[in-house]
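The following account leads through a structure in stages, beginning with one chain and proceeding to the contact between chains, the charged pairs and the cysteines. Please keep the sequence and the coordinates in view while reading.

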Amino acid sequence: MEPFVRLTGKVALMDRVNVDTDQIIPKQFLKRIERTGFGQYLFYDWRFREDGSVNEAFELNQPQSQGATILVAKHNFGCGSSREHAAWALGDYGFRVILAPSFADIFFNNCFKNGLLPITLPDRAIDHIFAQGARDSAFELTVDLEAQTVSDGALWQVGFEVDPRRRYNLLNGLDDIGITLQYEAEISAYEERRRTG
Amino acid sequence: MRPKTLFEKIWDRHVVVSQDDGNALIFIDLHLVHEVTSPQAFEGLRINNRQVRRPDLTFATMDHNVPTDNPFHVTDEIAGKQIETLAANCKDFGIELADLNSANQGIVHVIGPELGLTQPGKTIVCGDSHTSTHGAFGALAFGIGTSEVEHVLATQCLWQKRPKTCEVRLVGKRAPGVTAKDVILGVIAQNGIDFGTGHVVEFTGDAVRSMSMEERMTVCNMAIEGGARAGMVAPDEVTFAYLQGRERAPQGEQFDEAVTEWQALCSDEGAVYDKVVTFDVSLLDPQVTWGTNPGMGISVNGRVPDPDSFATETERRAARQALAYMGLEPGMPITDITVQNVFIGSCTNSRLEDLRAAAQVARGRKVAAGVRALVVPGSKQVKEQAEREGLDRVFLDAGFEWRATGCSMCLAMNPDFVPPGERCASTSNRNFEGRQGRAARTHLVSPAMAAAAAIAGHFVDVRELGREAAAASV
């Protein structure tokens, strides 16, 4: 997994609540057996009209969103299906950070396994970012996982909480399985206790 | 000793490693696998030259992609490849697979309980959010992503941050015609689609005690639609009676021993939940969703809400977007909404009792002109039992299609989908945009309400349909 330490990047604003994983990656694209190549299908039914033409009105198709690496949305982002394809699609499309006031649990988990950093920020901070973004289409943010801050490089900065274990793994690009296998003795002992217990 | 909740008892028993930061490595007793969320996990094992640690605790089936007209005739090449890939992976890694030839094949959340694999006190995971279904047995069951599927395959464990607990107290007595589906839709409409985020929900109270196992499964199945990490019901005599004699449940003396152990699986008197929600089922009517998330539900006797009636601008905008997508006007009576499609099936409502309830409505009636109605049993066992009871004839005589088993039109990954712009009265769990097909409009209802809509051609209070028929026969 690609480590994440800090990133300065353009911001795409998505002023929507309850964005579900069926929208992030519609089911017709879940049939592939690979982990890669899902970016082209991200938000497919919103990005493209039924005839396949580009829907200019959709947030990610607007000029200021092009090349964005930070996605900002509203409450309960990623609700619904457990499909990790949602995280794969966002990552493959080019996003590394998602900022929202709240996330659905399974999606939130899946992001960390794929070098994608979901950050929960207070409504006030999210509203500030939306207001800044509306004023300045070239608006950029810096996300620093080491310092646990989001800032606009000038006057505004906000801290964020992140689970220490997830932070460590993401900073170092560590894969969970490798770490867990170091607990082989504990797992075997547990299995033995259950067998005899 | 400090009183514990049901969740805490199961959690504590499964901790393999506990860390100071609140994370724990927990042991998984049952890992269910299906074709859509597993291929990349097996690929990961191969790349790293890893094995499946406990094939004996892993069980696979194919359900999401499978065609329900002829399951062996997979017209979608990519879907076919996914089905073949699961079979090859199970063979290579020594995992038991209920494939299309197996008498046990079906929707993963239907067959787990049916085979008796799902048992009280177990930790159960699957790469599917509706794994919460299995919590109906007093198991800790939750959905995971593909990376976690790979992790469980390799280690039989998962790193988890201990979730919070939420009690949903279901009080009162349901009116006749009001089902478990209406109860869970009502709970979510009242509390929102993220009230359970970060929490394991335990359903308590007389209204859940009086439910059958299949009803409890419907309730726990949709706990995820309230954002919950898992849904649970403490096991009782209803649970034990359901499990006794099931193929993979303990047998004979071992069953009695297991029951003794299972009886301790309840929240202790005085146990404290992080959050408590109370819901009175006695006031509930049959529910119909009008919008694009499962929380946008209302009584069948209500009207489409006015977006301006919502408290915040965000909610008002979400409601306006939902009505635009759904093609509905504020103030319109729900019973004026016509449907072109009816889907009775999915891991929420495809079990025997669901099919019986729908058949009772369909019996001796006809599907309205211009309505396509599908009945998709949740498993081969359900299908066979339904056929022994003659339910297939009831449906076919009424003009419903009687299909082979699978997830089908719940998420339309197979060829069963709702055409653009058309409506569907669906017994499934999600009414998200495009869920049942691009531009498809989904209304979530109970099996009886879906059957009633098929007959009437529009939504109707299933209790009224009974009265109309009774009046006509006088």
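How many helices and how many strands does chain A have? In this predicted model, chain A has eight helices and seven strands. The C-alpha atoms of chain A fill a box of roughly 65 × 45 × 25 Å along the principal axes. Chain A has 197 residues, of which 57% count as buried. Among the contacts in chain A with a separation of 6 or more, 66% are accounted for by residues 24 or more positions apart.

The next topic is the contact between the two chains. It takes 55 residues from chain A and 66 residues from chain B. Chain A and chain B bury about 5,000 Å² between them, and 51% of this area lies on carbon and sulfur atoms. Within chain A, the residues that lose the most area to chain B are K27(A), K31(A) and I33(A), which together make up 15% of what that side buries.

Polar and charged pairs also occur across this contact. Between chain A and chain B there are 36 residue pairs in polar contact, with both residues at pLDDT 80 or more. Several helices of chain A give two or more residues to the side that touches chain B, including α3 (85–93), α4 (105–112), α6 (164–172) and α8 (184–196). The element that gives the most is α8(A), with eight residues. By class, the side of chain A that touches chain B has 24 charged, 17 nonpolar and 14 polar residues.

The count of salt bridges between chain A and chain B is 11. One salt bridge joins E184(A) to R53(B), with the closest N and O atoms 2.7 Å apart. Both residues belong to a network of salt bridges that links E184(A), E191(A), R53(B), R54(B) and D56(B). Side chains of opposite charge can pair when their charged atoms come close.

Over all chains, the count comes to 48 salt bridges. Some of them lie within chain B, and three such pairs may be examined in turn. In the pair formed by E8(B) and R2(B), the closest N and O atoms are 3.0 Å apart. Are these two residues buried or exposed? E8(B) counts as buried at 10% relative accessibility, whereas R2(B) is exposed, with a relative accessible area of 52%.

The side chains of D12(B) and K4(B) also meet in a salt bridge, at 2.8 Å from N to O. Here D12(B) is partly exposed, with a relative accessible area of 30%, and K4(B) counts as partly exposed at 23% relative accessibility.

The third pair is found in a helix. The side chains of R316(B) and E313(B) meet in a salt bridge, with 3.2 Å from N to O. These residues are three apart in helix α11 (residues 313–326) of chain B, so about one helical turn separates them. An α-helix has 3.6 residues a turn, so residues three or four places apart point the same way. R316(B) counts as partly exposed at 21% relative accessibility, and E313(B) is partly exposed, with a relative accessible area of 40%.

Another helix of chain B, α13 (residues 380–388), may be examined at both ends. At its start, a side-chain oxygen of S379(B) reaches to within 3.4 Å of the backbone nitrogen of Q381(B). Just after α13(B), G390(B) takes a positive phi of about 80°.

The cysteines remain to be considered. The structure holds zero disulfides over all chains. C157(B) is in no disulfide, and the nearest cysteine sulfur, that of C126(B), is 18 Å away. C157(B) is buried, with a relative accessible area of 0%. Why is C266(B) without a bond to C220(B)? The sulfur of C266(B) is 16 Å from that of C220(B), the closest cysteine sulfur, and this is too far for a bond, because a disulfide requires two cysteine sulfur atoms within 2.5 Å. C266(B) counts as partly exposed, at 30% relative accessibility.

Notes: Residues are numbered from 1 along each chain as its sequence is written. Chains are lettered from A and ligands numbered from 1 in the order in which they are written. This is a predicted model: local features need pLDDT of at least 70, side-chain atom pairs count only at pLDDT 80 or more; totals for chains, interfaces and linings use all residues. Side-chain values use heavy atoms; hydrogens and water are left out. Contact means heavy atoms within 4.5 Å. Buried area is the accessible area (1.4 Å probe) that two parts lose on being put together, summed over both. A salt bridge is a side-chain nitrogen of Lys or Arg within 4 Å of a carboxyl oxygen of Asp or Glu. A polar contact is a pair of N or O atoms within 3.5 Å; within protein, one must be able to donate a hydrogen and the other to accept it, and residues adjacent in sequence count only if both atoms are side-chain atoms. Helices (H or I, at least four residues) and strands (E, at least two) are DSSP runs, numbered from the N terminus. Ala, Val, Leu, Ile, Met, Phe, Trp, Tyr, Cys and Pro count as nonpolar, Asp, Glu, Lys and Arg as charged, and the others, Gly among them, as polar. Buried means under 20% relative accessible area, exposed over 50%, partly exposed in between (1.4 Å probe, protein chains only).
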